[in-house]
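Could you look over the model below with me before we discuss it? I have set down a few notes on its sheet, its helices and its loops.

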Amino acid sequence: MLAAAGERRIVAVVRDLHRHPWMTAALDGLVAVRPDTVVVEMGLNEAEPRGALHIATHGAARVCGRAAAEAVVGTGT
């Protein structure tokens, strides 16, 4: 998947990262290979920030996801 992404920005969306060791390991592996990864953490954010940009939404509602997406692409309404 990383090869297919080429030079495009990688955005990793995770939820409650601190609760899932497998997710933490996967994200750490991704960030090790692509340190420019943008990490969007939905839900509770109790883990250490990771990635070039770490966005903590403090919730997993649709509005939180939309606000995070707007922050990533640099738009707003």
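The points below concern a predicted model and go from the sheet to the helices and then to two loop residues.

1. The sheet is open and has 3 strands, which follow one another in the order β1-β2-β3 with parallel pairing. Because β1 (11-15) and β3 (53-56) each have a single partner strand, they stand at the edges, and one side of each is left without a neighbour in the sheet. On average, and with direction ignored, neighbouring strands of this sheet are turned by 15° against each other.

2. Between β1 and β2 (residues 38-42), which run parallel, there are 5 bridges; within this pairing, V11 has V38 in β2 as its bridge partner.

3. Helix α2 (residues 21-33) packs on the sheet, where it touches β1 and β2, and its direction makes about 165° with that of β1. Helix α3 (residues 62-73), for its part, lies across β1, β2 and β3 and runs at about 165° to β2.

4. D16, found in the loop between β1 and α2, has a positive phi of about 50° although it is not a glycine. Its relative accessibility is 11%, and since buried means under 20%, D16 counts as buried.

5. H58, placed in the loop between β3 and α3, is likewise a residue other than glycine with a positive phi, here near 60°. Is H58 buried or exposed? With a relative accessibility of 61%, and with exposed meaning over 50%, H58 counts as exposed.

Terms used. Residues numbered from 1 in each chain as written. Predicted model: local features only at pLDDT ≥ 70, side-chain atom pairs only at ≥ 80, totals over all residues. Heavy atoms only, no water. Pairing = 2+ DSSP bridges. Helix = DSSP H or I, 4+ residues; strand = E, 2+ residues; numbered from the N terminus. Axes fitted to C-alpha atoms, helices over the stretch in contact; angles between N-to-C directions. Contact = heavy atoms within 4.5 Å. Buried < 20%, exposed > 50% of the residue type's maximum accessible area, 1.4 Å probe, protein only.
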